[in-house]
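User: I would like to go through this structure term by term. Please set each value against the definition behind it.

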Amino acid sequence: MEDDEIKTAGFTQLETTGSAFGYFLSSLYFTLRLQNPNFSLAFHALRQNLKNIHSNALRNSVLNRRFCSFSGNEMAAVMEGGKSFARRDRLLEIEAKVQNWWEEKDVFRAESLERSPEPGEKFFGNFPFPYMNGFLHLGHAFSLSKLEFAAAYHRLRGANVLLPFGFHCTGMPIKASADKLAREIQQFGDPPAFPIVEEEQENQQPEPEDASDGAQSLPDKFKGKKSKATSKSSGQKFQWEIMRSYGLSDGEISKFQDPYNWLTFFPPLAVEDLKAFGLGCDWRRSFVTTDINPYFDSFVRWQMRKLKSMGKIVKDVRYTIYSPLDGQPCADHDRASGEGVQPQDYTLIKMEVIPPFPPKLSALEGRKVFLAAATLRPETMYGQTNAWVLPDGKYGAFEINETDVFIITQRAALNLAYQKFSRVPEKPTCLVELSGSDLIGLPLKSPLSFNEIIYSLPMLTILTDKGTGIVTSVPSDAPDDYMAMHDLKSKPALRAKFGVKDEWVLPFEIIPIINIPEFGDKPAEKVCTDLKIRSQNEKEKLAEAKRLTYLKGFTEGTLLVGEFTGRRVQEAKPLIRNKLIETGQAIMYSEPEKRVMSRSGDECVVALTDQWYITYGESEWKKLAEDCLSNMNLYCDETRHGFEHTLSWLNQWACSRSFGLGTRIPWDEQFLVESLSDSTLYMAYYTIAHLLHEGEMYGSTTSRVKPEQMTDVVWDFLFCDGPYPESSGISSSILNKMKQEFEYWYPFDLRVSGKDLIQNHLTFCIYNHTAIMSEQHWPRGFRCNGHILLNSEKMSKSTGNFRTLRQAIMEFSADATRFSLADAGDGVDDANFVFETANAAILRLTKEISWMEEVLAAESSLRKGPPSTYADRVFANEINIAVKMTEQHYRDCMFREALKTGFYDLQAARDEYRFSCGTGGMNLDLVQRFMDVQTRLITPICPHYAEFVWRELLKKDGFVVRAGWPMADIPDLTLKSSNKYLQDSIVFMRKLLQKQILGSKKPNKKGAPVTLLTEDYQLMGLIYVNEQYDGWKEECLKILQSTFDSKTHTFAPEKDILEALQRSSVGQASDFKKTQKQCMPFLRFKKDEAIALGVQALDLKLPFGEIEVLQENLDLIKRQLGLEQVEVLSATDPDALAKAGPLVSLLNQTPPSPGNPTAIFLSRA
């Protein structure tokens, strides 16, 4: 395609990366994406590549290579499709223009001051740096948006704001992906030829839906059965396919076998995406982790040495989740699934198989052979009657040492092999493969059992992904065991089916071993009888039986047998376990609580590893962490409870790894610092990063400070109030400037993160700050959020319900994306990003621009002078309310509420004002104030839109992002109430008018139909108002006032209120019984209202004059009801009542009361 052809299509700025180029690509992207849902990622990468190409020839070459396969008709369709995105493209054009403004003036550059900041004068917020093995997506953007909105609010109100952003590359994901790529090349060639297996194909292409007014909604999911090759490609099974989806050519992908190539590819793309998002970041302070960055590498080494010198890092042997493929522990961020899963410790009971062995075990003659059962309840071993095996389960006889053989599952054997229970370390040796049916009937000698010999029997509900596949049986205490034994005893056919002899089952009776209050000494039998459980297959009932007995048995049960008779189970349990292990009758065994998969695709085990640990959980250190937490702003109780729970269980954490990228453990360089341990204190690094890196994120430029000059003495001086480093070789001006930066910005005010990091990273952050830094530098706040759904469904690449940040910006624009992120939700529950909301935002923002342009163009037609009418006062008050409420919401990080009060509600108030003004028109000063205030209030969420309005429409100086929070008077809540009263009254009167026009289907009490009106008549309205309660209602309210507690919003007991009513003048009247029937519902109604609204609900009259409000708004009422004449009258005035004539009966049917006027409508001749 030649330049002229491209220009004809709308590609008008080839020499730059300006807006037209971007918008052409945007239009092209969406049309092609409709044809091929897998096109998007490649397109985005191409767009980025084109932005970096300065030669027209090269750019044309790329365009020819990627796009010229499309026909002329297809390209025409691209251009035609582009027209339907005019509103979005307007926002994209605005965003590009505004971002240039910001960049020209370096608006987000953050500089410290020589003096310490006053409270609220500065704001330092940060975000857990994302991992750089792919594009940023909407999940990142959602959490990040909370920080961005908060920082933008503080910048707007005048604070000195620091929002930095770094890029995490430590750990194994990048290295694992690079190695996976290398394996694919080795196996399938370069470029690889992957195997293709065809299967039935049934693709469905959804048709695009057009939203109103040019905001088009694109299909977000593409479902259909595909060939296996296609599924693998789109499902991105192969690493090569993943890299291809990033827009890389086959020739370029091979370079990514080098893990460090990832570090130079993805972070710059992330910066571009975040700039397009409008992130208010000081990019001078950005950096990448790992030893590729010598400054950050030095910082982490200092941190680790610091912790070790304080005794916070020790070498120990502990059970750890471990990846056999990677050959190292697998921490949370190294896992593809199973984050948060911990080792589960068991006692492995050695049940010896009594010789002679059956033929299947003949190869084991001369060895000690054990069925090894994993149990959490070693104290119940006294009551064993048998062991259980899964008849069709797969088992093996595994060599543990020179003499012992355990019969267990392969999975359990692998775990044991990594816990030093295998003749060949880390490699289980299977001597004989067995099935569960081979094990049925084996005679066993089991520790502690009162039965000298027990037998292995079949159980159908054993899970082989838990424990060892061998289960001890204690029918006195375990409901499952009781029912399984009951089934075998009572069903001869079941015994025959599995070849179970009677003597293996029938002689064995329940042995009482533990007494549990309410359940006795045979708790399993009792609870199964109580729940009417009839079979071992009733899983739900058995689960309930265990829930009822197990915890109670542990906390309240008393041992009836054995050495520890009379002791509580919770006391005896560890003593019995230790004795079994000391005597060699059992061993310790551990496995993951749930399945854990490493990022290398390896199922993890629990290994007993000798490595470096950080001593989280140590009592004194834990106390400091708890003190820090108690003074932090966590924004919600659920988050606080999450931290408190984590502090209760968190203990030693393996901080060293042998595989991946990162910083070497300085005193043991065979190990790397793992990825969650080099990211606990780096927020402090942000404060000085720009002085070390001088704007380059890799630390590779020629800086005035050399990496080797950043010694421990220098780091101590900067962050720990250490002595001045006289011999560092760094100039005093730079040292003092770095010290000033840290002391000014620290502590950080807010760190925003997903709630899943509470259990590790965020708690580690607290621990490390309390260990290394003084209390004045401890963190001040964490705000945690849930995950984000897309259109109420889980975000997933495999289903297509996924968006990168770049895709979302191109699809909706940055501000519409931010708008929808703000609207998605604020709590710790999962939020919901709705495409319809983003499309609606495009419409709202562009229509608001158009409205302002129209109003400003017709400014001379607006009413001049100070605001004077009721509508003016109400609108001015609504603006004040919006300013105050929105400020509180931003301060509380409740951005959805800020969007509601600062945008939705304010626009609704504007629309109501426009209508209320009628022929008099809107007030110029108020309209200008509205535009100013709304622009400022929406700035943190939609900064590009706001900046454009501020400069281009309102012709204001400076930048709106720093314009200051708008001033506002104290809201007049009485005025707000009076306006609500007015609007509600109009709605009610409209209903009365409609009812009177249509007539009533029912006759009135006298049998005569209500007078019908027709719309042909000229109507007049009589509005009747009763401004104060009187009679029995007045007495009821006074009684409620005297019995209401305004602090607790509660009333005296019902009987006290009734007695007071009986003592009152109403109660003493002769017709009290009749009146009482009216009093009681009224009392209940006003009580509920007072509990909800407060004591003002019990006032005898409203805080404003109802007649005055209605009189002042007669013109509005007439227009709303379509009447030419309306009168406002007092319902207590006999002359006014007389005006109703025969329709006075309607007033009796709907009598007016304070806050509830009524109206009748008369025809005029």
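Analyst: What follows takes each term in turn, with its cut-offs.

The model is predicted, so local features need pLDDT of at least 70 and side-chain atom pairs count only at pLDDT 80 or more, while totals for chains, interfaces and linings use all residues. Residues are numbered from 1 along each chain as its sequence is written, and side-chain values use heavy atoms, with hydrogens and water left out.

User: What makes a run of residues a helix or a strand here, and how many of each does the protein have?

Analyst: Helices (H or I, at least four residues) and strands (E, at least two) are DSSP runs, numbered from the N terminus. By that rule the protein has 42 helices and 34 strands.

User: Why is Phe748 called buried or exposed?

Analyst: Buried means under 20% relative accessible area, exposed over 50%, and partly exposed in between (1.4 Å probe, protein chains only). Phe748 has 0% relative accessibility, so Phe748 counts as buried. Its place is the loop between helix H25 (732-745) and S25. Of the 1165 residues of the protein, 54% are buried.

User: Which residues does Phe748 contact, leaving aside neighbours within four places in sequence?

Analyst: A contact requires heavy atoms within 4.5 Å. The partners of Phe748, with neighbours within four places in sequence left aside, include Phe124, Asn126, Met683, Cys765 and His769. The C-alpha atoms of Phe748 and Gly125 are separated by 6.0 Å, although the two are 623 residues apart along the chain. Across the protein, 76% of the contacts with a separation of 6 or more join residues 24 or more positions apart.

User: What makes Leu750 buried or exposed, and where does Leu750 lie?

Analyst: Leu750 is in strand S25 (residues 750-754). Its relative accessibility is 1%, and therefore Leu750 counts as buried. Not counting residues up to four places away in sequence, Leu750 touches eleven-strong company that can be sampled here: among them Phe123, Leu147, Tyr635, Gly781 and Cys893. The C-alpha atoms of Leu750 and Gly781 are separated by 4.6 Å, with their positions 31 residues apart along the chain.

User: How do you know how many disulfides there are?

Analyst: A disulfide is a pair of cysteine sulfur atoms within 2.5 Å, and a search of the whole structure finds zero. As for Cys893, its relative accessibility is 2%, so Cys893 counts as buried. Cys528 is buried as well, because its relative accessible area is 2%.

User: Why are Lys312 and Asp668 called buried or exposed?

Analyst: Lys312 is at 13% relative accessibility and so counts as buried. Asp668 is also at 13% and therefore counts as buried. Lys312 lies in the loop between helix H13 (294-309) and strand S5 (313-323), and its contacts beyond four places in sequence include Tyr613, Glu618 and Trp621. Asp668 lies in the loop between strand S23 (656-657) and strand S24 (672-673); with residues up to four places away not counted, Asp668 touches Lys315 and Trp612.

User: What makes a space a cavity, and what lines the largest cavity?

Analyst: On a 1 Å grid over the protein atoms alone, a cavity is a set of points where a 1.4 Å probe fits but cannot get out, and lining residues have an atom within 4 Å of a point. The count comes to five cavities of 30 Å³ or more. The largest cavity holds about 60 Å³, a volume being the space filled by probe spheres set on the grid points, which are joined across faces, edges and corners. Its lining includes Trp102, Glu148, Arg155, Arg818 and Val961. Helix H7 (residues 138-156) gives the most to that lining, with three residues.

User: What makes the phi of Glu518 and of Lys955 worth listing?

Analyst: Most residues other than glycine have a negative phi, and most peptide bonds are trans. Phi of Glu518 is near 80 degrees, a positive value, and phi of Lys955 is near 60 degrees, also positive. Glu518 is exposed because its relative accessible area is 63%; Lys955, at 62%, is therefore exposed too.

User: Which peptide bonds are cis?

Analyst: A cis peptide bond joins Asp190 and Pro191, with omega about 0 degrees. The bond from Pro355 to Pro356 is cis as well, with omega near 0 degrees.

Note on methods
On a 1 Å grid over the protein atoms alone, a cavity is a set of points where a 1.4 Å probe fits but cannot get out, and a pocket is an open set with protein on both sides within 12 Å along at least five of seven lines; lining residues have an atom within 4 Å of a point.
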